[in-house]
Amino acid sequence: MSLAPGTKGRERLITAAVVVGVLALWYVAALLVQSGDDPLAASKLPYPHGVIEQIVDNRSVLAEAGWTTLKQALIGFAVGAVVGIFSSVVMAQAAWLEAGVIPFILAAQMIPMIALVPIAQNIFKNDDVTRIFIAAFITFFSVSIAVLRGLKSAPPPAYELMSSYNAGRAKTLRYLRLPAAVPMMFTGLRIAAPLSLVGSVLVDLSGAQSGLGYLMLAAITFGSEGAAVLWGAMIVLLALGFLMTQAVVLVERIVAPWQPDLRHGKA
Amino acid sequence: MSTATATRVRNVVAPLVIFVVFVSLWQAQVFNDLFGLETFAIPLPDQIVEAAGDNTAELWRAFGQTFTAVLLGYSLGNGLGFVLALLLLALPHGAARRAGAAFTAFQALPIIAIAPLVALWVPDSLWFKACVVTIMVFPSMLVYAWRGMSGVPPESLELMASYRASTRQILTGLRIPAAVPQIFTALKYTTVLALIGVVVCEILKSHDGLGYEIHDALQLFSTPLAWAAVGILALVGIATYTVLVVLERALFPWAARRG
Amino acid sequence: MTEAATAPHDHGPVQARPTAVAVRGVSKTFGNGASAVTALDDVSFDVPQGSFLSVLGPSGCGKSTLMRLVAGLQPASTGTIEVAGGTPDEMRRAREFGIVFQQPVLFDWRTVEQNVGLPLQIMGRPKGEARERVEHMLELVGLSDFRKHRPWQLSGGMQQRVSIARALTFAPPFLLMDEPFGALDMMTRERMQTELLSIWASNPGTTVIFITHSISEAVLLSDRIVVMSARPGRVLKVIDVDLPRPRTDETRDSKEFVDVEAEIRQLIFSQEGR
Amino acid sequence: MTEAATAPHDHGPVQARPTAVAVRGVSKTFGNGASAVTALDDVSFDVPQGSFLSVLGPSGCGKSTLMRLVAGLQPASTGTIEVAGGTPDEMRRAREFGIVFQQPVLFDWRTVEQNVGLPLQIMGRPKGEARERVEHMLELVGLSDFRKHRPWQLSGGMQQRVSIARALTFAPPFLLMDEPFGALDMMTRERMQTELLSIWASNPGTTVIFITHSISEAVLLSDRIVVMSARPGRVLKVIDVDLPRPRTDETRDSKEFVDVEAEIRQLIFSQEGR
Amino acid sequence: VGGCGSSDDDGGGSATAAATSASTTATATAERCENVKATYQLSFFPNAQYVGALVAFDRDYFAEEGLDVEMKPGGPTVNPALQLAQGNVDFASMPLSDAYNAAANGGRIVQIGQATQQNPLRYISFKDEVRLESPADLKGKSVGAQQAGNLSPELKGMLDEAGLSDSDITIRQISFNVDDFVARRVEVFPARVYAHFSMLEAKGFRYPDDFDTLDPNEYGAGVADEGEYVNAGFHAEHPEAAACFLRAVKRGWATALADEAAAVAAVTRYSPRGAFTARDIEVGVREMLKLGSTTADGERAEPLHLDVDYITESVRLLHDAGVVKGDVDLDTFIDVGPQEAVEGN
Ligand SMILES: Nc1ncnc2c1ncn2[C@@H]1O[C@H](COP(=O)(O)OP(=O)(O)OP(=O)(O)O)[C@@H](O)[C@H]1O
Ligand SMILES: Nc1ncnc2c1ncn2[C@@H]1O[C@H](COP(=O)(O)OP(=O)(O)OP(=O)(O)O)[C@@H](O)[C@H]1O
Ligand SMILES: Cc1ncc(C[n+]2csc(CCO)c2C)c(N)n1
Ligand SMILES: [Mg+2]
Ligand SMILES: [Mg+2]
């Protein structure tokens, strides 16, 4: 791995360059917007430093709301992932099961939150359960569909090997299909991680009085100049989404380092 | 071969049977009783069908408006995600990983927050919806396509390297075909995102489409009509998903072989 | 396999032993219509209990397919196969088969030792015993130093040896091996042959079906050799090898050895003109 | 490769020809720390222009790794490799190498003929010419009937032949072949050997590096044989084979042939005690 | 405590709403509630429009009435009528039209108070650009609509007044805030006085100087807007609770009217952080206090007072505008009992 240090350095450089580039682009765009006589300029695109100022000014509010949102997101993520994996495992047992269940999941996903939330509240009669349900509902599908595909990714000869041990459904699942599904599962989890924040934000909107979603929606509904937290909350959400994704990536590198693009030593 | 046909028949019959049973139970108010749901919260199938029958023209028009936006946003979003995945491939792995995570983080922005902002920029109803959907959809395609294309077996890359295949040739000859299963997974998944996205836009900020119908009907407490619109959405979602499944099998039998 | 246990392989001529695998008029066709490929055509032979049978035949003649049918992994198109008095599928379910596939079929997510231990884990053997078995097998195939490596860190021959070790760990009554030594150098190959024979000898009753491309290997190891024709695979001849055991390097120089080898070579080359 | 074109292989003893590949003190280590594996250790040898060189060595000694280094697919840890006066990487970029990997590496999304045609397509050869070449190569490896099949519908040996055909389609100046005939039966193997030699003879200047486990194959085909030791792979000896060409079945019976074979066998078995 | 609020159904029984034990007669009770748990759904994010309730929360008036009330903020994704009809919440604040529709479709909800004593909408245009001096000026204009429903009853009423029809104007969907108006995407904007005046001020405009204004109240289109509602089932189960609830909110109003600064402090406390400036809340509270205590005729009104005539007239307007469907027996829909219990004290 004589190439390693150089590559690492280059990666950092590129990352830094990208960050600087994005900021520069933002400044230029903001300048363009603000220099016109668009009355909505301030809402459309504030300057980065203005946003940073807002974040600093509202740091305690954002921190508290961010934490609320993150906590819920983590719960939703965990529950959603478990439900997603479970449902895909069930569906992967037989083609007719998949064909029979998928339409219902699709149909369920199509129900807008404004229609779904009241029903969930009515069924569960418990705000906490409803919130977990909503957060998980948002995330589980992305995990489910990924794992479903992953469970089918093992090469046919591997099934023959398992069959020669008379491994049965459960053991084939445990020793072959699930491990083979791990790369796809992590792809699904990468998608689900930031999505769980959205789930959490939606939870904020169904009866809670806190969280970034609540602040943002209120700000966006009422505010323009007055909406101090809006852009700050967006940045915080982006940052949380980034961190959650990175966390998934990190876990993947630890849990499933065998994948081709994570290997060391092979060119 | 007859077993294959039998399997195929079963795969069509099973969902139908499940559907019929489900609808019958629903019509018999089993779910309403079980969950203590009033029929104004969840109307019965016959009420929904009736509402759909009474408002066919309106729903049909709304469907057209929604579907146009879905198609546009879906194509733009998946296109953008794919192009970005190609760009990521050009970066060294670590940088690509971070950039990928940054793009993925876009999904953390709730649509209810982006939609009003996008609306400031894009007043036109159709393009507004399409833009929001693009923002929602692209990260998924990005992640799937990128991972599919970067996770090819090293031996295959060596083979291509031995021919000094150009980056483009490696892409079209190896990476993209190898990523077909992932790309299709993304395509299937994003149909759902696109539909949800457009509908939420219509609920929040539009004057047309099925989302607007739903919102309007709920506001007026005409829940059967709202659920008729939801039912149409569900059918559209199932139909597009099915089309993709069939398309993949037909076009890429080698990719579906493992299924 | 109580039957098998009572039938050691030094029991006299193979013809006299009970039949462990009976292949009767087996054909196998892949696909249909114009692109149909007949892999096997009316194949019949017997494998006596506790014997070592080799299959020789040109590339693509259906040897691997035949092995899959015997192992109950695929159904025959026509004909029947009986294994230890049951169907292949029943015997597969009874975990009678240890299979070495032509490709190693290793799991990237498992280390070498975990790959070797896979069948024991699936069969629920006690952990301690399993660990010992795996250790022993790794030593046997010369991969003790690589126990923590992953499959993709191994050379082709090393991967093949992992796959051999995996098939042997659980001492199955039937060993089905598809060119197991194909990727090995001569020296390693000879060592593995010796090891295989000694394992076989110390597990009386083990029946081996061994696919190989090496005529001398087949003659050296086998009680019986099935020589197949090119596609569609038919049985050209079933040859019994009555060389005394244990077979050593001297066996190779014996007249019988050379004769059998020549006979087979003759048989195969006579096909060329077809 | 104008140089190569002027150096046919019946030009006299290999020693006299210009060097096409010069391997100098090459080592390769995988991983680091405790789990580091030294695959190659101080390997040096020359491959004369237009010659046929075989590499023999025990499983896991670094043959495949060596081939990858020569092909510019991986960098050496230490030492240098010069190919036709340039670096391996330059030559790779000049598309000088036709490689047969140990595993077939076929693309499931391509039919057999599309797999064989892959390099021609990448190199932008005219379609008509490419089709003809592919057809010719498929005939050569005996797979014309399977041109529309997919890789997974082929037997192991058939897959390997597809991979051989693919490497030969574009008549590369350097052929690097890693146990190309490992999965083939004797008859097919001999036919492929003959075909390979005739292709080589009709393309003067083609340099072949051929990894094999068969000593007799190496002797029959090669001008020069590099015999390697077990891990870490070192060069035990470089042996020049001066048998006259064309080599036929009679060559196998010649005294020189038997002598060289015996020498190598001797060399290899002397290592056993190590 | 028990036995309070016996109920006699004196309604016509013709109502679409299933007959409930909740009565239209006075649940005459002066009795205090004890440890009644209830949830209260706001129709929107906490803001100045809920000044009475927010002060009540701030000062623990609910607790003092023996009610343990949990506040549920609303928002564009929350449908308070459905929440209340389904019994997901016990009390709710919402516009009359939403409540009426819910009742007309079988939702068993009961109105117990009226928060805005006059319509809070003002249709405005930029004076220098668009003339809007009488409803007749609406002709040919693009008019904003902030939520679903093609036509607001206020607008419809004014169009009727001017002899115009819907086809004479263009309705455009706009955000809740003033952005679309300021960006000139609509010519006429339905401003809610408690929310939008300060937003316009923040953008550098002065109300009313910079605008032409149409006040629906002046053109017989002043529909009743935000009111207080209770779920009928809850109402029957806790007949005393509605009065306790009203009393607490009324006290909130009284405190707010007496001490505007305290009201601003209370609203600030419950408002979503960062959404409002201090000025937003100040202006909002000022305007809301007017709406809650002054009728369209400029007369003083008792905060939360539920005037059956006002509601009846509003329902007529709603029907005319076509924004409500079906008929509701107002005797079942409205329960002045709690109010009488409170005001009688
Ligand atoms: N899944 C399949 N679909 C279609 N044809 C197949 C399939 N598997 C095998 N065949 C065909 O069956 C024939 C026999 O294949 P098989 O793998 O049994 O050959 P083999 O004797 O093992 O050859 P080799 O020595 O090359 O491994 C071949 O012609 C092959 O193309
Ligand atoms: N990517 C890798 N990571 C770590 N070790 C590796 C890697 N590739 C090869 N090795 C090690 O290098 C050594 C040589 O491997 P190589 O594949 O070159 O052997 P070989 O001579 O081709 O053997 P065979 O005849 O069995 O194919 C082996 O010990 C192997 O474990
Ligand atoms: C600033 C502001 N804008 C609009 C309304 C109107 N409104 C009344 S209830 C409700 C929720 C949905 O029914 C909405 C949006 C408001 N109250 N405050
Ligand atoms: Mg085979
Ligand atoms: Mg090798």
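A residue is called buried when its relative accessible area is under 20%. The structure described here is a predicted model, and this threshold is applied first to a strand of chain C.

Strand S3 of chain C spans residues 52-56. Five of its five residues are buried, so the strand is largely enclosed by the rest of the structure. In a regular strand the side chains alternate between the two faces of the sheet. In S3(C), one side carries Phe52(C), Ser54(C) and Leu56(C), and the other carries Leu53(C) and Val55(C). These residues are all buried, and both faces of S3(C) are thus covered.

S3(C) pairs with two strands of chain C, S7 and S8. Strand S7, residues 207-211, runs parallel to S3(C) and is joined to it by four bridges. Within this pairing, Leu53(C) stands opposite Ile209(C). Strand S8, residues 224-228, also pairs with S3(C) in the parallel sense, over four bridges. Here Ser54(C) is the residue that stands opposite Ile225(C) of S8(C).

Chain C also supplies the protein donors of a magnesium ion, ligand 4. The donor atoms are OG of Ser64(C) and OE1 of Gln102(C), at 1.9 to 2.1 Å from the ion. Ser64(C) belongs to helix H2 (residues 63-70) of chain C, whereas Gln102(C) lies in the loop between strand S5 (97-100) and helix H4 (112-122) of that chain, so the pair ties together parts that are 38 residues apart in sequence. Both donor residues, Ser64(C) and Gln102(C), are buried.

Ser64(C) appears again in the surroundings of ligand 1, which lies between chains C and D. The shell of ligand 1 holds 22 residues, and those that come nearest are Lys63(C), Ser64(C), Thr65(C), Gln153(D) and Ser155(D). Polar contacts reach ligand 1 from both chains. On the side of chain C, an N or O atom in the side chain of His213(C) is 3.3 Å from an oxygen atom of the ligand. On the side of chain D, a polar side-chain atom of Ser155(D) lies 2.6 Å from an oxygen atom of ligand 1, and a polar backbone atom of Gly157(D) is 2.7 Å from an oxygen atom of the ligand. On its own, ligand 1 has 630 Å² of accessible area, of which the protein covers 90%. Two or more residues of the shell come from each of strand S2 (37-48) and helix H2 of chain C, and from helix H6 (156-169) of chain D. By class, the shell comprises eight nonpolar, 11 polar and three charged residues.

Ligand 2 is surrounded by residues from chains A, C and D, so its site is shared between chains. There are 23 residues around ligand 2, and the closest are Gln153(C), Ser155(C), Lys63(D), Ser64(D) and Thr65(D). From chain C, a polar backbone atom of Gly156(C) is 3.3 Å from an oxygen atom of the ligand. From chain D, a backbone N or O atom of Gly60(D) lies 2.7 Å from an oxygen atom of ligand 2, and a polar side-chain atom of Gln102(D) lies 2.7 Å from an oxygen atom of the ligand. The protein covers 96% of the 630 Å² of accessible area that ligand 2 has when taken alone. Elements giving two or more residues to this shell are helix H6 (156-168) of chain C and, in chain D, strand S2 (37-48) and helix H2 (63-70). Eight nonpolar, 11 polar and four charged residues make up the shell around ligand 2.

The site of ligand 3 lies between chains A, B and E. Phe222(A) and Gln219(B) are among the residues around it, together with residues of chain E including Ser43(E), Phe44(E), Pro95(E), Asp98(E), Phe176(E) and Arg192(E). An N or O atom in the side chain of Gln219(B) is 3.1 Å from an oxygen atom of ligand 3. Chain E makes polar contacts with nitrogen of the ligand: a side-chain N or O atom of Gln49(E) is 3.0 Å from a nitrogen atom, and a polar side-chain atom of Tyr194(E) lies 3.4 Å from a nitrogen atom. Ligand 3 exposes 430 Å² when taken alone, and the protein buries 98% of that area. Its shell consists of six nonpolar, four polar and two charged residues.

Key. Residues are numbered from 1 along each chain as its sequence is written. Chains are lettered from A and ligands numbered from 1 in the order in which they are written. This is a predicted model: local features need pLDDT of at least 70, side-chain atom pairs count only at pLDDT 80 or more; totals for chains, interfaces and linings use all residues. Side-chain values use heavy atoms; hydrogens and water are left out. Donors are N, O and S atoms within 2.8 Å of the metal (3.2 Å for Na, K and Ca); water is not among the atoms, so sites may look incomplete. Buried means under 20% relative accessible area, exposed over 50%, partly exposed in between (1.4 Å probe, protein chains only). Two strands pair if DSSP finds at least two bridges between them. A residue is near a molecule or strand if one of its heavy atoms lies within 4 Å of it. A polar contact is a pair of N or O atoms within 3.5 Å; within protein, one must be able to donate a hydrogen and the other to accept it, and residues adjacent in sequence count only if both atoms are side-chain atoms. Accessible areas come from the Shrake-Rupley method with a 1.4 Å probe; for residues, only the protein chains shown count as cover. Ala, Val, Leu, Ile, Met, Phe, Trp, Tyr, Cys and Pro count as nonpolar, Asp, Glu, Lys and Arg as charged, and the others, Gly among them, as polar.
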